[in-house]
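Biologist: I would like a close look at one part of this protein. Please take me through the charged pairs, then work outward from there.

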Amino acid sequence: MGAPAETPPTAVLAPIEHVRRAAFESVARACAFAALAVFTFVIGLSFDFGLAMRTGGVLSLLMLAVLLLKAHGAGTCDHRRTETWTLIDKANRPSAETAQWVVATVLRQTYLRFAQLTAATSAIFWALATMTALAS
């Protein structure tokens, strides 16, 4: 009697890895555009460092809220209507039986990972804003 396999067979791992890459590319692109908007706003307010940092903190928190909402709703949206699904080649897509679960799970994980990075960015903005306020 053989021991149960600890990892799924390669046939299952390959489509998941393609979904992971597509989800990362999709979410990273969206976050990069949002970060560009935040950065542009902060640079526009650079004449007042404290104001710029507070604004960066608020906008980062807004971005964090959007990412958390997207992670929360990842399981309810149709996987075929996501950018992640369109980025995967048809030959590398998961089977129809598991596609909804795989895409939703991977998207939720990806949104939460980027939410962690955004929270850290917001904390840095708020720390700099606090130090600026204490220094003046």
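Biologist: Start with Glu25. Is Glu25 buried, partly exposed or exposed, and at what relative accessibility?

Modeller: Keep in mind that this is a predicted model. Glu25 counts as partly exposed, because its relative accessibility is 39%. That value falls between the two cut-offs: buried means under 20%, exposed over 50%.

Now to its partner. The side chain of Glu25 meets that of Arg29 in a salt bridge, with 2.9 Å from N to O. In general, side chains of opposite charge can pair when their charged atoms come close. Here the spacing along the helix is clear. Glu25 and Arg29 are four residues apart in helix α1, so about one helical turn separates them. Arg29 counts as partly exposed too, because its relative accessibility is 34%.

Helix α1 covers residues 10-44. Another pair sits in this helix. Arg20 and Glu17 join their side chains in a salt bridge of 3.8 Å, N to O. The cut-off for a salt bridge is 4 Å. Arg20 and Glu17 are three residues apart in α1, so they too are separated by about one helical turn. Arg20 has a relative accessible area of 36%, so it is partly exposed. Glu17 is partly exposed as well, because its relative accessible area is 35%.

The whole structure holds four salt bridges. One of them links the side chains of Arg80 and Asp78, at 3.1 Å from N to O. Arg80 counts as exposed, because its relative accessibility is 53%. Asp78 is partly exposed, because its relative accessible area is 26%. There is also a network: salt bridges that share partners connect Glu25, Arg29 and Glu83. That brings us back to the starting residue.

Stay with α1 and turn to nonpolar side chains. Leu36 is found in this helix. Its relative accessibility is 49%, so Leu36 counts as partly exposed. Leu36 belongs to a nonpolar patch on the surface, along with Phe33, Phe39 and Ile43. Together these residues have about 450 Å² of accessible area.

Cys31 is also in α1. Cys31 counts as buried, because its relative accessibility is 9%. Along the chain, Cys31 and Leu64 are 33 residues apart. In space, their C-alpha atoms are separated by 10.0 Å.

Leu64 leads to helix α2, where it is one of the buried residues. Others buried in α2 include Gly50, Ala52, Met53, Gly56, Gly57 and Ser60. The list also takes in Met63, Leu67 and Ala71. Helix α2 has 25 residues, 49-73. At 1.5 Å a residue, α2 should span 36 Å, and its end C-alpha atoms are 36 Å apart, which agrees.

Thr55 lies in α2 as well. At 14% relative accessibility, Thr55 counts as buried, because the cut-off is under 20%. Thr55 and Phe125 are 70 residues apart in sequence. Their C-alpha atoms are 8.4 Å apart in space.

Next, the largest pocket. Its volume is about 330 Å³. It is lined by 20 residues, and those closest to its centre are Ala30, Val66, Leu67, Lys70 and Tyr111. Of these, Leu67 is already familiar as a buried residue of α2. The largest share of the lining comes from α2, with seven residues. Helices α1, α2, α3 (83-87) and α4 (99-135) each supply at least two lining residues.

One last stop is the loop between α2 and α3, where Thr82 has its place. Thr82 is buried, because its relative accessible area is 10%. Thr82 and Ala127 are 45 residues apart in sequence. From C-alpha to C-alpha, Thr82 and Ala127 are 36 Å apart in space.

To recap, start from Glu25. Glu25 is partly exposed. It pairs with Arg29 about one helical turn along α1. Both residues belong to the network that also holds Glu83. Cys31, in the helix that holds this pair, is buried.

Methods:
Residues are numbered from 1 along each chain as its sequence is written. This is a predicted model: local features need pLDDT of at least 70, side-chain atom pairs count only at pLDDT 80 or more; totals for chains, interfaces and linings use all residues. Side-chain values use heavy atoms; hydrogens and water are left out. Patches are made of residues with over 30% relative accessible area and no salt bridge: like charges are joined within 9 Å, nonpolar side chains (Val, Leu, Ile, Met, Phe, Trp, Tyr) within 5 Å. Accessible areas come from the Shrake-Rupley method with a 1.4 Å probe; for residues, only the protein chains shown count as cover. Buried means under 20% relative accessible area, exposed over 50%, partly exposed in between (1.4 Å probe, protein chains only). The expected span of a helix is 1.5 Å times one less than its number of residues. On a 1 Å grid over the protein atoms alone, a cavity is a set of points where a 1.4 Å probe fits but cannot get out, and a pocket is an open set with protein on both sides within 12 Å along at least five of seven lines; lining residues have an atom within 4 Å of a point. Grid points are joined across faces, edges and corners, and a volume is the space filled by probe spheres set on the points.
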